[in-house]
Every structure is written in structure tokens, then in C-alpha cells.
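Here's a quick walk through one model, written for someone who would rather look at the atoms than at a table. Keep the viewer open and follow along.

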Amino acid sequence: MMKYSNQTDDVYGTKAAGSKKKTFVLWREVVMAYAAPAIMAGIGGLVTADRGLQIGALTTIGGASALMALLIGLLLCSRVGHMRWVIGAPHLVVVGVFAVAGSSFGLYAAWVTSLLLENMILSNHLAWLGRIWIDFPLSGFIASTIVTWRWCLAVTTNYSSKRRRKK
């Protein structure tokens, strides 16, 4: 009989030996990176009756988180994720490096967005333009931290199970 591999196997093609735990799957991480902060910020907007936060939850907060999760996930699944310092370093070091990179990229994206939109459109009409200075870097920090941590756990689990099988 032919045995078919599971579609949810991780990027490296194996699940942890004897583990029922789900592995790192990029599309799930991106969906959760959008949904989780959007729901939490939306609830915060409802509780405080802040209409700007409710709209920002679905646009700048959720969107920036999903975009950052996608970019960091693609980066980790590429050659960068196979580099010795990424795989061999302690989780906190790797997560810290990617968290700083994510928040820096969010800050850069906020600067570019505000620069482009202020020059093209009168900024008086865009109330959410002031929010991106907080939303983008914070979303980048949170999304990159969570995605990197979950990726490190999946890689460590799969790496250790491969080493056990070789022995």
C-alpha cells in the first residue's frame, strides 16, 4: 500500500517523531497574525467606544501584523532559516533579533507610508495616518516575535527527531 504524506507537514518535510503537535505552516501563521490582534484591538475599541481603534483593528493593526508575519515567515523558510546561527542560537536570541528587525521594518514602513501619503493627499483627510506610527512598529514586533518563536519550536522539534533517527 502507498502511504501519502500529510499536507500539513512542515517546511522540512517531517513531523516530530511520535508527536501529534502541528508544525509550522505559514498560511496558518498569517491568518492568526491578522485575526488575533484585529479581534483584541476591536474589543478594545468597543469597550472604550473608540471608533478609530475599531477601524484600525481591521486595517492598520491586523494588516500590518499579517504582512509582517508573511515576510518573517518567508524569510525563515528561505535560506536564512537554514543558517547555522539561526538554528544553533538560543531561542531568545533568535526571537530578539527578529523582533527588533520586525519593529524596525514597521517603523520604516510607517515613515514611508506617511511620507508618501502626506505628499500625495492632504493629511487632514486621513485620521488614521497618525495611528501608523504606533500600529506598524508594534504590529511588526508582536507578529515577528510570535512567528519566530513558533518557527524555532518547530525546527527544534524536527531537528531533534531527525538526530534521534540517525543514531
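How many disulfides does a search of the whole structure find? The count is 0. Bear in mind that this is a predicted model.

## Cysteines

Two cysteines are worth a look here. Cys77 is partly exposed, at a relative accessible area of 22%. Cys152 is buried, with a relative accessible area of 4%. The cut-off for buried is under 20%, so Cys77 at 22% doesn't make it, while Cys152 at 4% does.

## Overall fold

The protein chain has 5 helices and 0 strands. Reading from the N terminus, the order is simply α-α-α-α-α. Of its 167 residues, 35% count as buried.

## H1 and the turn into H2

Start with H1, which covers residues 26-48. The helix has 23 residues, which should span 33 Å at 1.5 Å a residue, and its end C-alpha atoms are indeed 33 Å apart. Its buried residues are Leu26, Glu29, Val30, Ala33, Ala38, Ala41, Gly42 and Gly45.

What does phi do just after H1? At Ala49 it turns positive, at about 55 degrees. That's a bit of an oddity, because most residues other than glycine have a negative phi. Ala49 sits in the loop between H1 and H2, and Ala49 is exposed, with a relative accessible area of 63%.

## The end of H2

Follow H2 (51-77) along to Leu76, which lies in this helix. Is Leu76 buried or exposed? Leu76 is buried, at a relative accessible area of 0%. Further along the chain comes Val86, 10 residues from Leu76, and the C-alpha atoms of the two are separated by 8.9 Å.

## H4

Helix H4 takes in residues 91-120, 30 residues in total. Its C-alpha atoms, first to last, are 43 Å apart, close to the 44 Å expected at 1.5 Å a residue.

Which residues of H4 are buried? They are Val94, Val95, Phe98, Ala99, Gly102, Gly106, Ala110, Ser114 and Leu117.

## A buried acid in H5

Now pick out Asp135, in helix H5. Asp135 counts as buried because its relative accessibility is 6%, and buried means under 20%. What does the Asp135 side chain make a polar contact with? The partner is the side chain of Thr60, at 2.6 Å.

## The largest pocket

If you're after a cavity-style feature to poke at, the largest pocket has a volume of about 380 Å³. There are 19 residues lining this pocket, and the closest to its centre are Ala33, Ala36, Pro37, Ile142 and Ile146. One of these, Ala33, already came up as a buried residue of H1.

Which elements give two or more residues to the lining? They are H1 (26-48), H2 (51-77) and H5 (132-166). H5 provides the largest share, 9 residues. As for chemistry, the lining of the largest pocket splits into 13 nonpolar, 2 polar and 4 charged residues.

Notes:
Residues numbered from 1 in each chain as written. Predicted model: local features only at pLDDT ≥ 70, side-chain atom pairs only at ≥ 80, totals over all residues. Heavy atoms only, no water. 1 Å grid on protein atoms, 1.4 Å probe; cavity = no way out; pocket = protein on both sides within 12 Å on 5 of 7 lines; lining within 4 Å. Points joined across faces, edges and corners; volume = space filled by probe spheres on them. Helix = DSSP H or I, 4+ residues; strand = E, 2+ residues; numbered from the N terminus. Nonpolar A, V, L, I, M, F, W, Y, C, P; charged D, E, K, R; others polar. Disulfide = S-S within 2.5 Å. Buried < 20%, exposed > 50% of the residue type's maximum accessible area, 1.4 Å probe, protein only. Expected span 1.5 Å × (residues − 1). Polar contact = N/O pair within 3.5 Å; in protein donor to acceptor, adjacent residues only side chain to side chain.
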